[in-house]
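Reader: I keep meeting words such as "buried" and "salt bridge" in descriptions of proteins. Please show me how such labels are earned.

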Amino acid sequence: MIEQPIMTRIIDIQEESPKVKTLFFEYKIHCKPGQFIMVWLPLLDEKPFTLAYIQKNLLGISVLKKGTFTNALHNLKTGDMIGIRGPYGNGFHVQHPINSCVIGGGIGMASLATVAERLPGVTIIQGTRTATEIIYQKRFHKMKLCTEDGTLGFKGTTVDLLKEELKKQHFQKIYTCGPEIMLYKIVKVCEMHGIECEVSLERYIKCGFGICGQCDCSGQRICIDGPVFCIKKLQTMEDFGKTTLLKTGERVAINNKIH
Amino acid sequence: MSKITLAINLCNIQLGNPVILASGILGVTKALLKRVSENGAGAVTIKSISKEPREGHKNPTVITFEAGMLNAVGYSNSGVEKALEEFTNLQDVGVPVIASVIGTQKEDFVYVVERLSHTKFSAIEIPLSCPHTPGFGLLAGQGTPQATFGITSEVRKVTKLPLFIKLSPNIPEICTVAKAAEDAGADAITAVNSMGPGMIINIEARRPVLDFKVGGVTGDALRPIAIRCVYDLYKTVKIPIIGVGGISTGRHAIEMMMAGASAIGIGTGVYYRGIDIFKKIREEMVSWMQENGFDDINKIIGAAND
(Lines give C-alpha, C1' and ligand atoms only; values in the text may rest on other atoms or scores of the structure.)
Protein backbone atom coordinates (compact mmCIF):
# COMPACT_ATOMS: atom_id res chain seq x y z
CA MET A 1 0.00 0.00 0.00
CA ILE A 2 1.19 3.50 -0.79
CA GLU A 3 0.49 6.03 1.93
CA GLN A 4 -0.84 8.92 -0.11
CA PRO A 5 -4.25 10.57 -0.06
CA ILE A 6 -6.82 9.48 -2.63
CA MET A 7 -9.29 12.21 -3.58
CA THR A 8 -12.96 11.38 -3.11
CA ARG A 9 -16.16 13.40 -3.44
CA ILE A 10 -18.50 14.12 -0.57
CA ILE A 11 -21.82 12.59 -1.56
CA ASP A 12 -23.92 13.42 1.48
CA ILE A 13 -23.78 15.57 4.60
CA GLN A 14 -25.80 14.92 7.71
CA GLU A 15 -26.22 17.10 10.77
CA GLU A 16 -25.77 15.11 14.00
CA SER A 17 -25.87 18.03 16.45
CA PRO A 18 -25.37 21.80 16.20
CA LYS A 19 -21.59 21.25 16.23
CA VAL A 20 -21.24 17.82 14.61
CA LYS A 21 -21.70 17.02 10.92
CA THR A 22 -21.16 13.69 9.21
CA LEU A 23 -19.53 13.75 5.79
CA PHE A 24 -20.22 10.71 3.59
CA PHE A 25 -17.98 9.66 0.71
CA GLU A 26 -17.14 6.64 -1.42
CA TYR A 27 -14.15 4.52 -0.47
CA LYS A 28 -13.82 0.99 -1.73
CA ILE A 29 -11.40 -0.40 0.82
CA HIS A 30 -12.35 -2.79 3.60
CA CYS A 31 -12.57 -1.01 6.96
CA LYS A 32 -13.19 -2.28 10.50
CA PRO A 33 -14.97 -0.58 13.42
CA GLY A 34 -12.54 1.51 15.44
CA GLN A 35 -10.13 2.14 12.58
CA PHE A 36 -9.37 5.67 11.44
CA ILE A 37 -8.46 7.49 8.26
CA MET A 38 -6.36 10.57 7.59
CA VAL A 39 -8.37 13.34 5.96
CA TRP A 40 -6.53 15.88 3.81
CA LEU A 41 -7.63 19.32 2.72
CA PRO A 42 -4.99 20.50 0.24
CA LEU A 43 -3.07 23.58 1.39
CA LEU A 44 -4.58 23.35 4.87
CA ASP A 45 -3.73 20.25 6.94
CA GLU A 46 -4.42 16.57 7.39
CA LYS A 47 -5.95 15.02 10.52
CA PRO A 48 -7.16 11.64 11.75
CA PHE A 49 -10.87 10.80 11.96
CA THR A 50 -12.48 7.65 13.21
CA LEU A 51 -14.88 5.86 10.88
CA ALA A 52 -18.32 6.76 12.18
CA TYR A 53 -20.20 4.95 9.41
CA ILE A 54 -18.99 1.90 7.51
CA GLN A 55 -21.47 0.95 4.81
CA LYS A 56 -20.96 -0.86 1.54
CA ASN A 57 -18.42 1.27 -0.38
CA LEU A 58 -19.50 4.24 1.71
CA LEU A 59 -17.78 5.76 4.71
CA GLY A 60 -18.74 8.58 7.02
CA ILE A 61 -16.77 10.71 9.44
CA SER A 62 -18.48 12.72 12.14
CA VAL A 63 -16.68 16.02 12.56
CA LEU A 64 -16.89 18.12 15.70
CA LYS A 65 -16.36 21.81 14.93
CA LYS A 66 -13.36 22.70 17.05
CA GLY A 67 -10.70 24.64 15.12
CA THR A 68 -9.58 25.83 11.70
CA PHE A 69 -9.46 22.41 10.09
CA THR A 70 -12.79 21.11 11.38
CA ASN A 71 -14.37 24.45 10.51
CA ALA A 72 -13.17 24.03 6.94
CA LEU A 73 -14.64 20.51 6.89
CA HIS A 74 -17.97 21.91 8.13
CA ASN A 75 -17.96 24.42 5.27
CA LEU A 76 -17.67 21.73 2.58
CA LYS A 77 -20.62 21.04 0.31
CA THR A 78 -21.83 17.88 -1.41
CA GLY A 79 -19.63 17.36 -4.46
CA ASP A 80 -16.52 18.89 -2.86
CA MET A 81 -13.41 16.73 -2.65
CA ILE A 82 -11.34 15.55 0.29
CA GLY A 83 -8.20 13.43 0.38
CA ILE A 84 -8.33 10.15 2.27
CA ARG A 85 -5.65 7.67 3.28
CA GLY A 86 -5.95 4.57 5.40
CA PRO A 87 -7.70 2.86 7.05
CA TYR A 88 -5.20 2.77 9.88
CA GLY A 89 -5.06 1.07 13.26
CA ASN A 90 -6.29 -2.26 14.53
CA GLY A 91 -9.91 -1.45 15.46
CA PHE A 92 -12.24 -3.14 17.94
CA HIS A 93 -12.69 -6.88 18.26
CA VAL A 94 -16.45 -7.03 18.13
CA GLN A 95 -17.59 -10.12 20.02
CA HIS A 96 -21.10 -11.54 20.18
CA PRO A 97 -23.37 -12.89 21.44
CA ILE A 98 -22.36 -11.70 24.89
CA ASN A 99 -23.88 -9.02 27.07
CA SER A 100 -21.84 -5.98 26.23
CA CYS A 101 -21.95 -2.24 26.61
CA VAL A 102 -20.73 0.63 24.47
CA ILE A 103 -19.78 3.85 26.27
CA GLY A 104 -19.10 7.01 24.31
CA GLY A 105 -18.02 10.30 25.82
CA GLY A 106 -18.54 13.34 23.61
CA ILE A 107 -17.36 12.89 20.03
CA GLY A 108 -15.83 9.56 21.18
CA MET A 109 -19.26 8.11 20.39
CA ALA A 110 -18.33 8.38 16.68
CA SER A 111 -15.73 5.64 17.05
CA LEU A 112 -18.22 3.29 18.76
CA ALA A 113 -21.24 3.72 16.51
CA THR A 114 -20.01 1.08 14.06
CA VAL A 115 -19.44 -1.32 16.97
CA ALA A 116 -22.96 -0.71 18.27
CA GLU A 117 -24.40 -1.38 14.81
CA ARG A 118 -22.83 -4.81 14.79
CA LEU A 119 -24.18 -5.74 18.22
CA PRO A 120 -27.97 -5.93 18.21
CA GLY A 121 -29.38 -5.33 21.69
CA VAL A 122 -26.18 -3.83 23.05
CA THR A 123 -26.48 -1.30 25.87
CA ILE A 124 -25.32 2.09 24.61
CA ILE A 125 -24.32 4.81 27.05
CA GLN A 126 -23.60 8.23 25.64
CA GLY A 127 -22.53 11.16 27.75
CA THR A 128 -21.84 14.81 26.98
CA ARG A 129 -21.60 18.06 28.89
CA THR A 130 -24.99 19.27 27.73
CA ALA A 131 -28.06 18.09 25.77
CA THR A 132 -27.19 19.82 22.48
CA GLU A 133 -23.96 17.80 22.21
CA ILE A 134 -25.66 14.39 22.04
CA ILE A 135 -25.27 12.74 18.62
CA TYR A 136 -26.91 9.85 16.71
CA GLN A 137 -30.29 10.12 18.45
CA LYS A 138 -32.08 9.01 15.30
CA ARG A 139 -29.51 6.31 14.59
CA PHE A 140 -29.81 4.58 17.96
CA HIS A 141 -33.23 4.83 19.56
CA LYS A 142 -32.50 3.12 22.84
CA MET A 143 -29.39 4.92 24.07
CA LYS A 144 -28.96 5.62 27.77
CA LEU A 145 -28.03 9.28 27.83
CA CYS A 146 -26.33 11.37 30.44
CA THR A 147 -25.30 15.01 30.59
CA GLU A 148 -23.08 16.69 33.13
CA ASP A 149 -25.47 19.62 33.46
CA GLY A 150 -28.54 17.38 33.62
CA THR A 151 -30.24 18.94 30.56
CA LEU A 152 -30.92 15.48 29.13
CA GLY A 153 -31.10 12.02 30.62
CA PHE A 154 -29.18 11.03 33.72
CA LYS A 155 -27.39 13.93 35.43
CA GLY A 156 -23.75 13.00 35.73
CA THR A 157 -20.93 11.36 33.81
CA THR A 158 -20.83 8.15 31.81
CA VAL A 159 -18.83 6.62 34.66
CA ASP A 160 -21.63 7.43 37.12
CA LEU A 161 -24.23 6.04 34.74
CA LEU A 162 -22.20 2.87 34.17
CA LYS A 163 -22.02 2.30 37.92
CA GLU A 164 -25.80 2.70 38.12
CA GLU A 165 -26.28 0.27 35.25
CA LEU A 166 -24.00 -2.31 36.86
CA LYS A 167 -26.37 -2.45 39.82
CA LYS A 168 -29.00 -3.79 37.41
CA GLN A 169 -27.02 -6.00 35.02
CA HIS A 170 -23.59 -7.51 34.46
CA PHE A 171 -21.63 -6.82 31.29
CA GLN A 172 -19.10 -9.25 29.89
CA LYS A 173 -17.46 -6.63 27.71
CA ILE A 174 -17.28 -2.86 27.45
CA TYR A 175 -16.18 -0.88 24.40
CA THR A 176 -15.34 2.74 25.09
CA CYS A 177 -13.96 5.94 23.61
CA GLY A 178 -13.92 9.49 24.91
CA PRO A 179 -11.80 11.81 27.05
CA GLU A 180 -8.90 9.83 28.49
CA ILE A 181 -9.73 10.63 32.11
CA MET A 182 -13.15 9.06 31.52
CA LEU A 183 -11.55 6.02 29.87
CA TYR A 184 -9.19 5.62 32.80
CA LYS A 185 -12.09 5.65 35.25
CA ILE A 186 -14.09 3.17 33.17
CA VAL A 187 -11.11 0.80 33.07
CA LYS A 188 -10.93 1.01 36.89
CA VAL A 189 -14.62 0.09 37.12
CA CYS A 190 -14.06 -2.81 34.69
CA GLU A 191 -11.13 -4.06 36.76
CA MET A 192 -13.27 -4.01 39.88
CA HIS A 193 -16.12 -5.92 38.24
CA GLY A 194 -14.01 -8.28 36.16
CA ILE A 195 -15.34 -6.94 32.87
CA GLU A 196 -13.38 -7.29 29.66
CA CYS A 197 -12.78 -3.87 28.13
CA GLU A 198 -11.52 -2.35 24.89
CA VAL A 199 -10.55 1.30 24.82
CA SER A 200 -9.85 3.56 21.86
CA LEU A 201 -7.16 6.14 22.68
CA GLU A 202 -6.45 9.47 21.06
CA ARG A 203 -3.05 11.03 20.49
CA TYR A 204 -1.64 13.60 18.07
CA ILE A 205 -1.05 11.57 14.90
CA LYS A 206 1.38 12.50 12.18
CA CYS A 207 2.27 9.68 9.77
CA GLY A 208 -0.51 7.24 10.68
CA PHE A 209 1.56 4.17 9.79
CA GLY A 210 3.89 3.66 12.70
CA ILE A 211 7.08 5.37 11.69
CA CYS A 212 7.26 8.86 13.19
CA GLY A 213 6.71 7.99 16.85
CA GLN A 214 4.68 11.11 17.52
CA CYS A 215 1.61 9.26 18.85
CA ASP A 216 3.50 7.23 21.46
CA CYS A 217 1.83 6.06 24.66
CA SER A 218 4.31 4.05 26.77
CA GLY A 219 6.11 2.63 23.74
CA GLN A 220 2.84 1.79 21.96
CA ARG A 221 2.14 3.67 18.74
CA ILE A 222 -1.52 4.68 18.85
CA CYS A 223 -1.72 4.72 15.03
CA ILE A 224 -0.56 1.16 14.40
CA ASP A 225 -0.47 -0.71 17.72
CA GLY A 226 -3.79 0.96 18.63
CA PRO A 227 -5.90 3.04 18.69
CA VAL A 228 -7.83 0.24 20.40
CA PHE A 229 -6.19 -1.48 23.35
CA CYS A 230 -7.50 -4.20 25.64
CA ILE A 231 -7.50 -3.80 29.39
CA LYS A 232 -4.53 -6.15 29.81
CA LYS A 233 -2.35 -4.05 27.52
CA LEU A 234 -3.52 -0.80 29.15
CA GLN A 235 -2.36 -2.12 32.50
CA THR A 236 1.20 -2.15 31.12
CA MET A 237 0.93 1.39 29.73
CA GLU A 238 1.98 3.85 32.43
CA ASP A 239 1.12 6.92 30.35
CA PHE A 240 -2.52 5.87 29.97
CA GLY A 241 -4.71 8.38 31.78
CA LYS A 242 -1.66 10.39 32.84
CA THR A 243 0.43 11.96 30.09
CA THR A 244 0.23 12.75 26.41
CA LEU A 245 2.50 14.42 23.85
CA LEU A 246 1.93 17.81 22.26
CA LYS A 247 2.68 18.53 18.59
CA THR A 248 6.26 19.31 19.55
CA GLY A 249 6.64 16.02 21.36
CA GLU A 250 6.57 17.72 24.76
CA ARG A 251 5.08 15.49 27.42
CA VAL A 252 2.21 17.02 29.39
CA ALA A 253 -0.22 15.80 32.01
CA ILE A 254 -3.52 14.78 30.37
CA ASN A 255 -5.58 17.31 32.34
CA ASN A 256 -3.25 20.13 31.25
CA LYS A 257 -3.54 19.24 27.57
CA ILE A 258 -3.98 22.31 25.42
CA HIS A 259 -6.70 21.74 22.85
CA MET B 1 25.26 -19.65 14.87
CA SER B 2 27.06 -18.89 18.15
CA LYS B 3 30.46 -18.55 16.47
CA ILE B 4 29.38 -15.59 14.40
CA THR B 5 29.93 -12.17 15.91
CA LEU B 6 28.09 -9.01 14.98
CA ALA B 7 29.64 -6.96 17.79
CA ILE B 8 31.44 -3.81 16.80
CA ASN B 9 33.35 -1.03 18.45
CA LEU B 10 32.15 2.31 17.11
CA CYS B 11 34.28 5.19 18.40
CA ASN B 12 34.80 3.26 21.65
CA ILE B 13 31.09 2.54 22.04
CA GLN B 14 30.52 -1.19 22.30
CA LEU B 15 27.59 -2.30 20.16
CA GLY B 16 26.16 -5.81 20.27
CA ASN B 17 25.38 -5.45 16.58
CA PRO B 18 25.83 -2.71 13.97
CA VAL B 19 22.13 -2.04 13.29
CA ILE B 20 21.21 1.44 14.59
CA LEU B 21 17.84 3.21 14.68
CA ALA B 22 18.32 6.32 12.53
CA SER B 23 17.26 9.72 13.77
CA GLY B 24 13.74 10.95 13.08
CA ILE B 25 12.12 7.53 13.23
CA LEU B 26 10.24 6.59 16.44
CA GLY B 27 12.77 8.41 18.66
CA VAL B 28 10.29 10.84 20.21
CA THR B 29 10.09 9.10 23.59
CA LYS B 30 12.34 6.97 25.75
CA ALA B 31 9.68 4.25 25.79
CA LEU B 32 9.87 3.86 22.02
CA LEU B 33 13.68 3.77 22.09
CA LYS B 34 13.44 0.98 24.62
CA ARG B 35 11.00 -0.90 22.43
CA VAL B 36 13.37 -0.59 19.46
CA SER B 37 16.21 -1.84 21.65
CA GLU B 38 14.10 -4.82 22.69
CA ASN B 39 13.52 -5.48 19.02
CA GLY B 40 17.18 -5.98 18.38
CA ALA B 41 18.84 -2.64 17.56
CA GLY B 42 22.51 -2.29 18.48
CA ALA B 43 22.03 1.41 19.28
CA VAL B 44 19.27 3.98 18.91
CA THR B 45 19.18 7.65 17.90
CA ILE B 46 16.67 10.16 19.25
CA LYS B 47 14.69 12.50 17.02
CA SER B 48 16.70 15.69 16.55
CA ILE B 49 16.45 18.35 19.22
CA SER B 50 16.88 22.09 18.92
CA LYS B 51 17.35 24.84 21.48
CA GLU B 52 13.71 25.92 21.35
CA PRO B 53 10.58 23.79 20.87
CA ARG B 54 9.31 23.40 17.31
CA GLU B 55 5.92 22.27 16.04
CA GLY B 56 7.27 21.39 12.61
CA HIS B 57 5.30 21.46 9.39
CA LYS B 58 1.60 20.72 9.10
CA ASN B 59 0.37 17.36 7.85
CA PRO B 60 0.84 15.52 5.57
CA THR B 61 4.45 15.37 6.73
CA VAL B 62 5.27 11.79 5.74
CA ILE B 63 3.98 9.91 2.69
CA THR B 64 5.26 6.96 0.70
CA PHE B 65 5.61 6.12 -2.96
CA GLU B 66 6.60 3.08 -5.02
CA ALA B 67 10.29 3.31 -4.16
CA GLY B 68 10.40 4.89 -0.75
CA MET B 69 9.23 7.71 1.40
CA LEU B 70 8.97 11.46 1.19
CA ASN B 71 9.00 13.50 4.37
CA ALA B 72 9.00 17.06 5.54
CA VAL B 73 8.34 16.82 9.26
CA GLY B 74 10.07 20.11 9.91
CA TYR B 75 12.06 19.04 12.96
CA SER B 76 9.18 19.05 15.42
CA ASN B 77 10.68 18.61 18.87
CA SER B 78 10.09 19.74 22.41
CA GLY B 79 13.31 21.75 22.69
CA VAL B 80 16.38 20.78 24.68
CA GLU B 81 15.02 21.45 28.19
CA LYS B 82 11.95 19.22 27.76
CA ALA B 83 14.01 16.64 25.86
CA LEU B 84 16.32 16.38 28.86
CA GLU B 85 13.26 15.56 30.98
CA GLU B 86 12.16 12.87 28.53
CA PHE B 87 15.54 11.26 27.99
CA THR B 88 16.61 10.53 31.56
CA ASN B 89 18.04 7.28 32.95
CA LEU B 90 19.07 6.24 29.47
CA GLN B 91 20.64 3.05 30.79
CA ASP B 92 17.05 1.71 30.96
CA VAL B 93 16.93 1.72 27.15
CA GLY B 94 19.30 -1.24 27.12
CA VAL B 95 21.57 -0.12 24.26
CA PRO B 96 23.65 3.03 23.63
CA VAL B 97 21.52 6.11 22.90
CA ILE B 98 22.76 8.69 20.40
CA ALA B 99 21.51 12.27 20.66
CA SER B 100 20.78 14.22 17.49
CA VAL B 101 21.24 17.96 17.67
CA ILE B 102 20.12 20.64 15.22
CA GLY B 103 20.58 24.38 15.14
CA THR B 104 20.13 27.37 12.93
CA GLN B 105 23.55 28.76 13.84
CA LYS B 106 26.81 27.63 15.44
CA GLU B 107 25.84 29.03 18.84
CA ASP B 108 22.67 26.91 18.98
CA PHE B 109 24.61 23.69 18.37
CA VAL B 110 27.09 24.65 21.06
CA TYR B 111 24.32 25.55 23.52
CA VAL B 112 22.38 22.30 23.04
CA VAL B 113 25.48 20.08 23.05
CA GLU B 114 26.68 21.75 26.26
CA ARG B 115 23.29 21.09 27.88
CA LEU B 116 23.70 17.41 26.95
CA SER B 117 27.22 17.14 28.30
CA HIS B 118 26.18 15.69 31.65
CA THR B 119 23.69 13.15 30.32
CA LYS B 120 24.07 9.46 29.57
CA PHE B 121 23.98 9.85 25.80
CA SER B 122 26.68 7.72 24.19
CA ALA B 123 27.33 10.02 21.24
CA ILE B 124 26.07 13.11 19.50
CA GLU B 125 25.02 13.25 15.89
CA ILE B 126 24.85 16.56 14.06
CA PRO B 127 22.83 16.55 10.84
CA LEU B 128 24.12 19.34 8.65
CA SER B 129 22.12 18.06 5.76
CA CYS B 130 18.34 18.34 6.13
CA PRO B 131 16.70 19.28 2.80
CA HIS B 132 13.28 20.42 4.05
CA THR B 133 13.42 22.73 7.03
CA PRO B 134 14.16 26.42 6.51
CA GLY B 135 16.99 27.58 8.75
CA PHE B 136 18.49 24.12 9.14
CA GLY B 137 20.79 21.83 7.17
CA LEU B 138 21.00 22.38 3.44
CA LEU B 139 18.46 25.19 3.59
CA ALA B 140 20.81 27.06 5.90
CA GLY B 141 23.99 26.32 3.97
CA GLN B 142 25.30 24.06 6.73
CA GLY B 143 26.41 21.41 4.25
CA THR B 144 29.34 23.31 2.77
CA PRO B 145 32.91 22.35 3.74
CA GLN B 146 33.41 25.73 5.45
CA ALA B 147 30.19 25.63 7.50
CA THR B 148 30.73 21.96 8.37
CA PHE B 149 34.23 22.72 9.60
CA GLY B 150 33.01 25.72 11.56
CA ILE B 151 30.12 24.00 13.32
CA THR B 152 32.02 20.78 13.99
CA SER B 153 35.05 22.51 15.50
CA GLU B 154 32.90 24.72 17.76
CA VAL B 155 30.89 21.74 19.03
CA ARG B 156 34.09 19.73 19.45
CA LYS B 157 35.27 22.25 22.04
CA VAL B 158 32.31 21.63 24.36
CA THR B 159 31.95 17.84 24.37
CA LYS B 160 34.08 14.78 24.85
CA LEU B 161 31.33 12.52 23.58
CA PRO B 162 31.89 10.91 20.17
CA LEU B 163 30.69 13.31 17.50
CA PHE B 164 29.00 12.05 14.33
CA ILE B 165 28.46 14.47 11.46
CA LYS B 166 25.55 13.53 9.18
CA LEU B 167 25.96 14.50 5.55
CA SER B 168 23.72 15.02 2.56
CA PRO B 169 23.90 12.74 -0.48
CA ASN B 170 23.02 15.69 -2.73
CA ILE B 171 26.30 17.48 -2.76
CA PRO B 172 28.85 16.43 -5.36
CA GLU B 173 31.67 17.24 -2.97
CA ILE B 174 30.49 14.95 -0.13
CA CYS B 175 34.09 13.76 0.35
CA THR B 176 35.34 17.32 0.75
CA VAL B 177 32.64 18.02 3.34
CA ALA B 178 33.44 14.78 5.16
CA LYS B 179 37.14 15.67 5.19
CA ALA B 180 36.25 19.08 6.66
CA ALA B 181 34.28 17.34 9.41
CA GLU B 182 37.15 14.93 10.10
CA ASP B 183 39.68 17.77 10.20
CA ALA B 184 37.43 19.66 12.64
CA GLY B 185 37.41 16.73 15.05
CA ALA B 186 34.42 14.56 14.10
CA ASP B 187 34.67 10.97 15.31
CA ALA B 188 32.46 9.47 12.63
CA ILE B 189 30.50 10.37 9.52
CA THR B 190 26.85 9.43 9.19
CA ALA B 191 26.13 9.03 5.50
CA VAL B 192 23.56 9.86 4.33
CA ASN B 193 20.60 12.04 5.18
CA SER B 194 17.52 12.04 2.93
CA MET B 195 18.08 13.24 -0.63
CA GLY B 196 16.25 15.83 -2.59
CA PRO B 197 14.07 17.58 -1.85
CA GLY B 198 11.56 15.78 -4.00
CA MET B 199 7.89 16.39 -4.67
CA ILE B 200 4.77 14.28 -5.16
CA ILE B 201 1.69 15.89 -6.66
CA ASN B 202 -1.84 14.59 -6.28
CA ILE B 203 -3.17 15.07 -9.78
CA GLU B 204 -6.85 15.10 -8.81
CA ALA B 205 -6.23 17.81 -6.24
CA ARG B 206 -3.64 19.42 -8.50
CA ARG B 207 -1.52 20.14 -5.45
CA PRO B 208 1.70 18.79 -3.94
CA VAL B 209 0.77 16.31 -1.21
CA LEU B 210 3.21 17.37 1.50
CA ASP B 211 2.11 20.49 3.30
CA PHE B 212 5.64 21.84 2.89
CA LYS B 213 5.31 20.83 -0.79
CA VAL B 214 8.81 19.31 -0.93
CA GLY B 215 10.45 16.70 1.24
CA GLY B 216 13.45 14.45 1.70
CA VAL B 217 13.49 11.17 -0.22
CA THR B 218 14.41 7.97 1.64
CA GLY B 219 13.93 4.25 1.20
CA ASP B 220 14.78 2.06 -1.78
CA ALA B 221 15.23 5.03 -4.12
CA LEU B 222 18.00 6.36 -1.90
CA ARG B 223 19.98 3.14 -1.38
CA PRO B 224 22.20 3.11 -4.48
CA ILE B 225 23.08 6.76 -3.85
CA ALA B 226 23.87 6.06 -0.20
CA ILE B 227 26.01 3.04 -1.09
CA ARG B 228 28.00 5.11 -3.58
CA CYS B 229 28.52 7.90 -1.06
CA VAL B 230 29.80 5.48 1.58
CA TYR B 231 32.03 3.75 -0.97
CA ASP B 232 33.63 7.09 -1.88
CA LEU B 233 33.87 8.26 1.71
CA TYR B 234 35.62 5.05 2.79
CA LYS B 235 38.53 6.02 0.58
CA THR B 236 38.57 9.60 1.83
CA VAL B 237 38.23 9.60 5.61
CA LYS B 238 39.94 7.57 8.29
CA ILE B 239 37.12 7.85 10.82
CA PRO B 240 34.27 5.30 10.78
CA ILE B 241 31.19 5.73 8.62
CA ILE B 242 27.63 4.92 9.68
CA GLY B 243 25.84 3.97 6.47
CA VAL B 244 22.21 5.07 6.23
CA GLY B 245 19.81 5.08 3.29
CA GLY B 246 17.31 2.52 2.07
CA ILE B 247 18.52 -0.45 4.12
CA SER B 248 15.72 -2.86 4.91
CA THR B 249 17.27 -6.35 4.65
CA GLY B 250 20.33 -8.18 5.91
CA ARG B 251 21.70 -8.22 2.36
CA HIS B 252 21.35 -4.44 2.13
CA ALA B 253 23.18 -4.14 5.45
CA ILE B 254 26.05 -6.36 4.26
CA GLU B 255 26.18 -4.35 1.02
CA MET B 256 26.44 -1.09 2.95
CA MET B 257 29.17 -2.48 5.19
CA MET B 258 31.08 -3.81 2.20
CA ALA B 259 30.92 -0.29 0.78
CA GLY B 260 32.73 0.82 3.92
CA ALA B 261 30.24 1.39 6.71
CA SER B 262 31.20 0.29 10.24
CA ALA B 263 27.55 0.41 11.30
CA ILE B 264 24.26 0.96 9.53
CA GLY B 265 21.17 3.04 10.22
CA ILE B 266 17.55 1.99 9.72
CA GLY B 267 14.78 4.50 9.12
CA THR B 268 12.20 3.93 6.40
CA GLY B 269 12.81 0.18 6.76
CA VAL B 270 10.59 0.27 9.86
CA TYR B 271 7.71 1.05 7.50
CA TYR B 272 8.54 -1.79 5.13
CA ARG B 273 9.11 -4.50 7.73
CA GLY B 274 7.78 -3.35 11.10
CA ILE B 275 9.37 -2.42 14.39
CA ASP B 276 11.14 -5.80 14.63
CA ILE B 277 13.13 -5.06 11.47
CA PHE B 278 16.25 -4.80 13.64
CA LYS B 279 15.93 -8.41 14.75
CA LYS B 280 15.14 -9.53 11.20
CA ILE B 281 18.15 -7.77 9.70
CA ARG B 282 20.43 -9.16 12.38
CA GLU B 283 19.25 -12.70 11.71
CA GLU B 284 19.59 -12.24 7.96
CA MET B 285 23.13 -10.91 8.38
CA VAL B 286 24.07 -13.93 10.48
CA SER B 287 22.56 -16.34 7.93
CA TRP B 288 24.39 -14.68 5.09
CA MET B 289 27.67 -14.77 6.99
CA GLN B 290 27.18 -18.45 7.80
CA GLU B 291 26.45 -19.28 4.20
CA ASN B 292 29.42 -17.30 2.96
CA GLY B 293 32.02 -18.31 5.50
CA PHE B 294 32.33 -15.14 7.58
CA ASP B 295 32.60 -15.32 11.37
CA ASP B 296 33.12 -11.64 12.20
CA ILE B 297 31.18 -8.69 10.79
CA ASN B 298 34.26 -6.50 11.13
CA LYS B 299 35.92 -8.43 8.32
CA ILE B 300 33.21 -7.28 5.94
CA ILE B 301 33.71 -3.55 6.43
CA GLY B 302 35.01 -2.03 3.21
CA ALA B 303 35.32 -5.43 1.50
CA ALA B 304 34.02 -4.06 -1.79
CA ASN B 305 36.72 -1.43 -1.92
CA ASP B 306 39.78 -3.59 -2.65
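Author: What follows takes several labels in turn and sets each value against its definition. This is a predicted model, in which local features need pLDDT of at least 70 and side-chain atom pairs count only at pLDDT 80 or more, while totals for chains, interfaces and linings use all residues. Residues are numbered from 1 along each chain as its sequence is written, chains are lettered from A and ligands numbered from 1 in the order in which they are written, and side-chain values use heavy atoms, with hydrogens and water left out.

Reader: Why is Gly108(A) called buried?

Author: Buried means under 20% relative accessible area, exposed over 50%, and partly exposed in between, with a 1.4 Å probe and protein chains only. Gly108(A) has a relative accessible area of 7%, so it is buried.

Reader: What makes the place of Gly108(A) a loop, and between which elements?

Author: Helices (H or I, at least four residues) and strands (E, at least two) are DSSP runs, numbered from the N terminus. Gly108(A) sits in the loop between β8 (100-105) and α2 (109-117) of chain A.

Reader: Which residues is Gly108(A) in contact with, leaving aside its neighbours within four places in sequence?

Author: Contact means heavy atoms within 4.5 Å. With those neighbours left aside, Gly108(A) is in contact with Cys177(A) and Gly178(A). The C-alpha atoms of Gly108(A) and Gly178(A) are separated by 4.2 Å, although the two are 70 residues apart along the chain.

Reader: What makes Glu164(A) and Lys167(A) a salt bridge?

Author: A salt bridge is a side-chain nitrogen of Lys or Arg within 4 Å of a carboxyl oxygen of Asp or Glu. In this pair the closest N and O atoms are 3.0 Å apart, and Glu164(A) forms a salt bridge with Lys167(A). Both lie in helix α3 (residues 158-168) of chain A, 3 residues apart, about one turn of the helix.

Reader: Are these two residues buried, partly exposed or exposed, and how do you know?

Author: Glu164(A) has a relative accessible area of 32%, so it is partly exposed. Lys167(A) has 64%, so it is exposed.

Reader: How do you know that Lys173(A) forms a salt bridge with Glu198(A)?

Author: The closest N and O atoms of Lys173(A) and Glu198(A) are 2.8 Å apart, and the pair forms a salt bridge. It links distant parts of the chain, with Lys173(A) in strand β12 (residues 173-177) and Glu198(A) in strand β13 (residues 196-200) of chain A, 25 residues apart. Lys173(A) counts as buried because its relative accessibility is 0%. Glu198(A) counts as buried because its value is 4%.

Reader: What makes Asp220(B) and Arg223(B) a salt bridge?

Author: Their closest N and O atoms are 2.9 Å apart, and they form a salt bridge. At 30% relative accessibility, Asp220(B) counts as partly exposed. Arg223(B), with a relative accessible area of 16%, is buried.

Reader: How many salt bridges are there over all chains, and how many between chain B and chain A?

Author: The structure holds 32 over all chains, and the count between chain B and chain A is 4. Asp225(A) forms a salt bridge with Arg35(B), with the closest N and O atoms 2.7 Å apart.

Reader: How much area do chain B and chain A bury between them?

Author: Buried area is the accessible area (1.4 Å probe) that two parts lose on being put together, summed over both. For chain B and chain A this is about 3100 Å², 58% of it on carbon and sulfur atoms. In contacts, 41 residues of chain B meet 35 residues of chain A.
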